[in-house]
Amino acid sequence: MMIKKTLLFTLPFFVLLCFFDKAIAANSKSEDDGLAPMVAPIEFDKIQNVLKKDRLGAEVKKKKAVIKKEKKLKQQKKVEKFNIPGQGDFWSFFSEYWLVKNVTILKWDFQKPDYALEKSFKEFLEKMGVLEVRYKILLVNTPDVTHFALPSDDNEFIFLLSVPFIRTLDLSKLEISILLFEDYLRVKSNFFKDYVSISGVDSLVGGNFHGKTFDVKLLEKMAERYDQIIFDKGFSFQQQFKVTTKMNAMLKGDPKWWNGYFLLLGKIDNLVKSNILYQKYLKIYPSPELQLSWLRPEKKKVL
Amino acid sequence: MKNLSLLLSLFFLGIYSPYAADKVSRVVYFKKLFGHIHKNPSRYSQSLSTIGCGHPIKVLVNKGREEYGKGFYKVKVGPYEGYISKLYLNDKKPNCFQDKYPRFFDNLELSLTDMYYWGKLYDQYVYGRSTIQ
């Protein structure tokens, strides 16, 4: 009974649905048939003027220029990755690289006494009128390098100072400052840079090695030059004379400083003549005895 | 009652524990080539980890205290909690040497020992600057 009722209700709906479906299908077919002959291929030559008026060509040019610029920037960034540090970055980096590689010889990784050098040397430099100079002092625990200045960034210097040397000579803060100042004059005169800058380094510093192989051997040679000048060769008599006369002129203004320098050289002269550990000092800084003679005022013959 | 006493004890432990009071105050960046996270606020203290330039560092504050010893911050770097000198930190990401000259830096082929000692070098320096008064 129930099934009969539901059939009676659904059958007319089903018949109606079939009828509409066929009608829609026929309609859409007739629409397709009508449109087909109306769609023609676009002839771009004919509508070129219209496109130009639409500024689509200009837009394409703009986009092409942007893509070109982006590609150029991308290439530039790629090339920049192969940059070699310039004068501003190279020397501080390389001096520190050398210090790291020579940690076992220099023995700088140890707990140091606090000599309050940052304050005393700052005051000394300021009194000397040497301003806006940044410095890093590295105390080393070896008599092999007594004192030395290494080049760093612009207006920055790295000073090496031996703790055994300070202790053996019982140096005062003023004497240490004078010693560091003498090193500062040496490094400022570019004696060091001139010696370690082997041929090829000038083109290396601030250059780029994109598309080439990086010459690591050049850096190794430079490190060897660092070794030579710091441990063996040191400075020439002419260079020492220049530095000593410059020190003489700069310290003359204050008798305390000048006497301090004179006494310091005397102390060093005695040390290198008596202590076997410091005999190599003469090879690096020739020679305290000569420096003293250059400092002594000339004796004028009185007739 | 038992649960309440447990909760109270946990609450007080939280207040008086020195670890619980450490809060991250800000994130800063390491600006030297290499450096160390120290166990104690001293440049000679044992190194917990070596970090490179541009490494983000969380500065920890304990009851408003940020500085320890002579200019050291208590910091958290990855799993390590230690101390680092504020001289080596920057508020903004620094323009690191490694990023400026990446291929040159790679060609040097620095070993882990080199990196360790390079970090130590910055701890060993005595820094100074003469200024116009």
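User: What makes β2(B) and β3(B) count as paired strands?

Analyst: In this predicted model, β2(B), residues 34-38, and β3(B), residues 47-52, run antiparallel and are joined by 5 bridges. Pairing asks for at least two bridges, so the two strands qualify as a pair. Within this pairing, G35(B) stands opposite I51(B).

User: Why is strand β2(B) called mostly covered?

Analyst: A residue counts as buried when its relative accessible area is under 20%, and 5 of the 5 residues of β2(B) are buried. F34(B), H36(B) and H38(B) point one way from the strand, while G35(B) and I37(B) point the other way. In a regular strand the side chains alternate between the two faces of the sheet.

User: Why is the contact of K101(A) with D114(B) called a salt bridge?

Analyst: The closest N and O atoms of K101(A) and D114(B) are 2.8 Å apart, and the cut-off for a side-chain nitrogen of Lys or Arg and a carboxyl oxygen of Asp or Glu is 4 Å, so the pair meets the rule. Side chains of opposite charge can pair when their charged atoms come close.

User: Which of the two, K101(A) or D114(B), is buried, and how do you know?

Analyst: D114(B) has 9% relative accessibility, and since the limit for buried is under 20%, D114(B) counts as buried. K101(A), with a relative accessible area of 40%, is partly exposed, because that class lies between the buried limit and 50%.

User: How do you know that R129(B) and E132(A) join two chains?

Analyst: R129(B) lies in strand β9 of chain B, whereas E132(A) lies in the loop between α6 and β1 of chain A. Their side chains meet in a salt bridge at 2.8 Å, N to O. R129(B), at 41%, is partly exposed, and E132(A), at 28% relative accessibility, is partly exposed as well. R129(B) also stands opposite R134(A), where β1 of chain A and β9(B) pair in the antiparallel sense over 4 bridges.

User: What makes E175(A) and K267(A) a link between distant parts of the chain?

Analyst: E175(A) is in helix α8 and K267(A) in helix α13 of chain A, 92 residues apart, yet their closest N and O atoms are 3.1 Å apart, which is within the 4 Å asked of a salt bridge. E175(A), at 10% relative accessibility, counts as buried, whereas K267(A), at 27%, is partly exposed.

Technical notes: Residues numbered from 1 in each chain as written. Chains lettered and ligands numbered in written order. Predicted model: local features only at pLDDT ≥ 70, side-chain atom pairs only at ≥ 80, totals over all residues. Heavy atoms only, no water. Buried < 20%, exposed > 50% of the residue type's maximum accessible area, 1.4 Å probe, protein only.
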